[in-house]
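Student: I have a model open and would like to learn how to read its features. Could you walk me through it?

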Amino acid sequence: MRTIDDLETARKVLAAQPFSDLIRARLVAFGGGEAVLELDIRDELRQQYGFLHGGVLGYAADNTLTFAAGTVAGARLITAGYTIDYLKPADGVLLRAHGRVVRAGRTRVVSRCDLSTVAEDGTETLCAVAQGSVAVLAPGS
């Protein structure tokens with residue numbers, strides 16, 4: 001199984017995802033059952049009321065859940081499913097998604113993710129929470 005041993009390697013995996021590049025996501029922490037993904041909130045990512053689009057929050061949750069799983073289960077992973085609860089409208093200058101492994105099994109990893117916005121003054125506001133199951137792919141699949 002190919003492993004992801006460090007932040008720089010994980011960043012290369014993220015950079016290989018065209019959609020991640022499109023929204024300018026960046027991985028800022030990776031290791032020990034945790035991963036943190038950030039992206040700048042800009043007008044192109046907002047919905048009609050001016051808040052960050054829920055699809056962007058869903059993307060951040062999905063990727064962060066899987067990267068957190070990758071810290072313990074290697075690189076051959078795919079999201080099996082996740083749920084997200086939107087707690088309040090997301091607004092600010094930065095979105096930060098912090099994922100943590102809850103349980104790592106042989107074929108599935110369960111992770112949680114807190115999604116917070118950061119205001120210009122540095123204040124963080126929890127805007128969504130997610131939990132997901134990540135499947136460990138068999139060799140050759």
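Tutor: Happily! Let's start with pockets: on a grid over the protein atoms alone, a pocket is an open set of points with protein on both sides within 12 Å along at least five of seven lines. Keep in mind that this is a predicted model.

Student: How do we find such space at all?

Tutor: Rolling a probe the size of a water molecule over the atoms shows where empty space is left. Here, the largest pocket holds about 180 Å³ of space.

Student: Which residues lie nearest the centre of the largest pocket?

Tutor: Val 13, Gln 17, Thr 66, Ala 75 and Leu 77 do, out of 13 residues in the lining. Two elements, H3 and strand S3 (77–86), each give two or more residues to that lining. H3 gives the most, with five.

Student: And what is the chemical character of the lining of the largest pocket: how many residues are nonpolar, polar and charged?

Tutor: Six are nonpolar, six polar and one charged.

Student: Now the helices. At what angle do the axes of H1 and H3 cross?

Tutor: Angles over 145 degrees would count as roughly antiparallel. The axes of H1 (residues 7–15) and H3 (residues 54–73) come within 12 Å and cross at roughly 140°, so the two helices are oblique to each other. H1 passes H3 in a right-handed crossing.

Student: Which residues make the contact?

Tutor: From H1, Ala 10, Val 13 and Leu 14; from H3, Tyr 59, Asn 63 and Phe 67. By class, this contact has five nonpolar residues, one polar and no charged ones.

Notes. Residues are numbered from 1 along each chain as its sequence is written. This is a predicted model: local features need pLDDT of at least 70, side-chain atom pairs count only at pLDDT 80 or more; totals for chains, interfaces and linings use all residues. Side-chain values use heavy atoms; hydrogens and water are left out. Axes are lines fitted to C-alpha atoms, for helices over the stretch in contact, and angles run from 0 to 180 degrees between N-to-C directions. Helices (H or I, at least four residues) and strands (E, at least two) are DSSP runs, numbered from the N terminus. Angles under 35 degrees count as roughly parallel, over 145 as roughly antiparallel, 65 to 115 as roughly perpendicular and the rest as oblique. A crossing is left-handed if the near helix is turned anticlockwise from the far one by less than a right angle, and right-handed if clockwise. Contact means heavy atoms within 4.5 Å. Ala, Val, Leu, Ile, Met, Phe, Trp, Tyr, Cys and Pro count as nonpolar, Asp, Glu, Lys and Arg as charged, and the others, Gly among them, as polar. On a 1 Å grid over the protein atoms alone, a cavity is a set of points where a 1.4 Å probe fits but cannot get out, and a pocket is an open set with protein on both sides within 12 Å along at least five of seven lines; lining residues have an atom within 4 Å of a point. Grid points are joined across faces, edges and corners, and a volume is the space filled by probe spheres set on the points.
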